[in-house]
Amino acid sequence: MIKNVMDVKLNVKPVFVMFAHKYYYEGPCRMAGGDALQPGFDTMVNGAIFNGTMEGMKFAMPDCINLMEPAYLETTCDWDIKDEYFEKLLADREEVDVYLASGAFGADQVFNEFAVRCKKPLAIVPDVWGPARAGGLYNLGVDLICEITWEDLIKKLVVMRAKKAIAQANLLLVTRFNYDLPVAGATDSFINLRDVTDRLGIHFRTVNAHEIIDQFHPLPEGGNYTTPGRVTPNITEEEIAELGTVADELLAGAEVKAIEKDMLINSLIAYKVIQKNMDLYDCSGAVIPCPDICSTRRINQEKFTFCLTHSLNLEQGIASACEYDVAAAVTQLAEIVLSGKAPYMGNTLPIISTDGRGINYQILKMITEEDMKEVGDLENLYVVYHSTPHRKFKGINEPNGSYALRHFAYDQKFGAVMRHNFNEDKGQVITFARFTGDLKRVLIGKGTIVKSVGYDLDNCNGGFIFQVEDQKKVYREQCRSGLHLPLVFGDYTEELKMLAESLGLEPVMV
Amino acid sequence: MFRKEIKEQLLMFKNEAKAQAERACALAASPKEAELKDCVHRYVCAKFFLSPETDPERLLYNLACDSIEQAINMKIPIAKESETATTCGAAGSAAVKVALLMVALRKDFHVDIPSEKLAFIKNTNELGHIVFESMRP
């Protein structure tokens with residue numbers, strides 16, 4: 001089954017450890033009079049607190065949080081403490097990711113012992129009494145979250161959910177030569193994937209590129225050439241027929257249709273085979289090398305590219321990186337789960353406009369002279385371009401955005417690629433990021449879309465120009481990080497920073 | 001609002017709560033659930049300075065929050081009540097207000113419902129039901 005990180009929920013267990021006076025008496029711990037001193041009154045207050053707090057929690061929690069059945073306990077001024085209290089509070093501990101606890105003055109002994117025994121992160125229900133509840137727990141080594149507002153707490157929980165989703169993810173690696181890094185392409189990616197597994201929890205599932213490409217045709221009698229006699233997840237005739245319908249729908253919705261249907265189907269077959277392999281290995285994303293496979297000449301032979309695979313995967317919240325950029329795929333996982341939006345990755349480069357000579361040829365040909373006039377006066381510009389734009393920049397669950405379909409190969413016109421006219425998004429804030437290859441830092445920054453580029457171009461040229469606050473600062477840090485800076489619409493810099501910190505990585509804010 | 005008008009409005013709410021409690025007590029010999037629920041709902045609304053049109057499914061805790069808002073809007077001095085009813089667990093005003101309502105209801109409706117049962121009542125519908133259950137011979 002494909003494991004979509006968007007489906008991962010954080011299990012939050014509300015716990016109430018309350019306190020009630022058993023008798024009528026006054027003294028230095030009774031700040032009440034009249035009826036409030038009578039036995040039973042505290043119990044009713046506690047019940048109202050429980051009802052009100054649960055109502056507030058249900059209202060405040062986003063969909064990605066699974067609010068579990070609450071546990072409720074009332075202690076008394078007998079200072080009673082029994083094992084059964086902890087059995088009750090910790091009953092479903094194995095399923096709990098975070099306890100969200102409310103404790104009353106007087107119940108401290110039980111509350112604190114529960115906090116130590118649970119051995120899970122423990123969040124205090126936000127209110128101004130946090131210091132009274134939390135101060136002692138810090139001393140006891142409890143993994144504590146104590147925020148003053150629900151908004152702050154939920155931001156923390158959302159980041160914890162992201163960490164959980166990433167830790168549960170498997171990535172499909174399509175390899176020709178090496179495991180950690182490609183021969184050509186994203187050689188700035190992770191140098192040690194075992195380290196990624198150990199520190200982030202992500203596991204990798206490797207499939208040989210030749211075996212994958214053999215699966216682009218229905219399974220012949222006797223098996224594929226590379227795996228004779230074996231049953232493999234080849235495309236079927238029925239699936240090819242279904243992809244014909246998908247191709248018709250894609251062509252019908254495209255603003256520009258610069259690819260023939262049979263070439264589009266070839267790329268859709270590649271997408272389907274990758275999806276079948278992700279399904280087979282329970283993956284949340286795929287990483288595929290472009291140059292390493294390109295040089296086999298089998299892409300030329302089969303007349304396809306994997307660009308559309310990446311676009312369609314990303315639209316569903318599935319990480320999908322070209323150039324065997326595992327670091328980009330991991331960054332995409334983080335962006336997907338934190339934003340609910342589909343990321344975009346591409347070559348990300350500064351535009352040097354001070355003397356007009358610094359723009360490299362590939363970028364220059366993407367920007368018309370007229371467009372250059374539009375951005376010519378602006379400083380701190382960057383450009384991002386590749387061939388994996390898609391229709392879900394505004395949200396995976398939002399309606400499709402506009403798009404064009406073009407081809408990658410100039411001569412033979414194969415390799416379906418999507419384009420998006422980013423002029424529709426001028427002024428849109430974007431967040432870009434990248435886990436560094438040494439797994440020590442995460443580069444995090446934001447910019448604003450200024451101008452679409454490459455909408456009318458084939459090959460690997462679709463993207464946009466954006467403005468950052470300090471181009472040189474971004475560039476210097478990027479040189480310690482890498483070329484591809486996967487991005488999403490919106491400002492998620494704070495969430496990414498919190499995630500990096502929670503993973504023990506240094507957030508580098510640019 | 002003038003002071004005189006506030007006083008008149010408070011008196012009106014007080015009389016309404018008393019009338020609903022008396023109405024409920026008069027039904028005690030042969031209580032009918034729907035009628036008792038109506039008495040309890042109107043009683044709670046009057047106690048909380050709220051309109052009887054208030055949703056009977058609305059959480060009592062939220063009604064207490066509405067009541068505090070209403071009291072502030074009407075410039076009703078609520079400080080004294082909360083001064084004597086705070087608990088050393090630093091419970092909020094709304095939770096204390098709900099507990100005080102339960103204490104008053106037990107007295108005014110002459111019902112003996114354990115605190116443990118009243119504690120988790122969510123709304124006036126549930127409260128009306130539990131009052132009916134306790135009055136039923």
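**Figure 1. A buried salt bridge between Glu315(A) and Arg391(A).** In this predicted model, the side chains of Glu315(A) and Arg391(A) form a salt bridge, and their closest N and O atoms sit 2.7 Å apart. Glu315(A) belongs to helix 12 (residues 307-315) of chain A, while Arg391(A) is in the loop between strand 12 and strand 13 (404-407) of chain A, so the pair ties together parts that are 76 residues apart in sequence. Are these two residues buried or exposed? Both Glu315(A) and Arg391(A) are buried. Over all chains, the structure holds 28 salt bridges, and a few others get their own views below.

**Figure 2. Lys261(A) and Asp248(A) link two helices of chain A.** Here the salt bridge runs between Lys261(A) and Asp248(A), with 3.0 Å between the closest N and O atoms. Lys261(A) comes from helix 9 (residues 261-280) of chain A and Asp248(A) from helix 8 (residues 237-253) of chain A, and the two residues are 13 residues apart. Lys261(A) is partly exposed, at a relative accessible area of 32%. Asp248(A) is partly exposed too, with a value of 38%.

**Figure 3. A salt bridge within helix 17 of chain A.** Which helix holds both Glu501(A) and Lys497(A)? Both are in helix 17 (residues 493-502) of chain A, 4 residues apart, or about one turn of the helix. Their closest N and O atoms are 3.3 Å apart, and the pair forms a salt bridge. Glu501(A) counts as partly exposed because its relative accessibility is 42%, which falls between the 20% and 50% cut-offs. Lys497(A), at 32% relative accessibility, also counts as partly exposed. Elsewhere, Asp83(A), Glu113(A) and Arg117(A) are joined into one network by salt bridges that share partners.

**Figure 4. Strand 17 of chain A and its pairing partners, strands 12 and 16.** Strand 17 covers residues 462-468 of chain A, and 6 of its 7 residues are buried, so the strand is largely enclosed by the rest of the structure. Strand 12 (residues 381-386) of chain A pairs with strand 17 in the antiparallel sense, over 6 bridges. To find your way along this pairing, look for His386(A), whose bridge partner in strand 17 is Gly462(A). Strand 16 (residues 441-453) of chain A also pairs with strand 17 in the antiparallel sense, again over 6 bridges. For that pairing, a handy landmark is Lys451(A), which stands opposite Ile465(A) of strand 17. When you look at the side chains, bear in mind that in a regular strand they alternate between the two faces of the sheet.

**Figure 5. Where domain 1 meets domain 2 in chain A.** The domain assignment splits chain A into domain 1 (5-163) and domain 2 (169-509). Taken over C-alpha atoms, the domain centres are 44 Å apart. Domain 1 brings 9 residues to the contact and domain 2 brings 16. Between them the two domains bury about 1,100 Å², with 76% of that area on carbon and sulfur atoms. Which three residues supply 50% of the area that domain 1 buries against domain 2? They are Val5(A), Met6(A) and Val159(A), which supply more than any other three residues. On the polar side, there are 3 residue pairs in polar contact between the domains. The interface also has 1 salt bridge. Zoom in on Lys155(A) and Glu494(A) to see a salt bridge with 3.1 Å between the closest N and O atoms.

**Figure 6. Chain B docked against chain A.** Chain B has 7 helices and 0 strands, and 45% of its 137 residues count as buried. How many residues does each chain bring to the contact? Chain B brings 28 and chain A brings 25. Together the two chains bury about 2,100 Å², with 70% of it on carbon and sulfur atoms. The interface has 1 salt bridge and 4 residue pairs in polar contact. Lys107(B) and Asp35(A) are the ones to look for here: their side chains meet in a salt bridge at 3.2 Å, N to O. The elements of chain B that give two or more residues to the side touching chain A are helix 3 (60-73), helix 4 (79-85), helix 5 (93-108) and helix 6 (115-119). Helix 5 of chain B gives the largest share of that side, 9 residues.

Technical notes
Residues numbered from 1 in each chain as written. Chains lettered and ligands numbered in written order. Predicted model: local features only at pLDDT ≥ 70, side-chain atom pairs only at ≥ 80, totals over all residues. Heavy atoms only, no water. Buried < 20%, exposed > 50% of the residue type's maximum accessible area, 1.4 Å probe, protein only. Pairing = 2+ DSSP bridges. Domains from an automatic or database assignment. Contact = heavy atoms within 4.5 Å. Buried area = accessible area lost by both parts, 1.4 Å probe. Salt bridge = Lys/Arg side-chain N within 4 Å of Asp/Glu carboxyl O. Polar contact = N/O pair within 3.5 Å; in protein donor to acceptor, adjacent residues only side chain to side chain.
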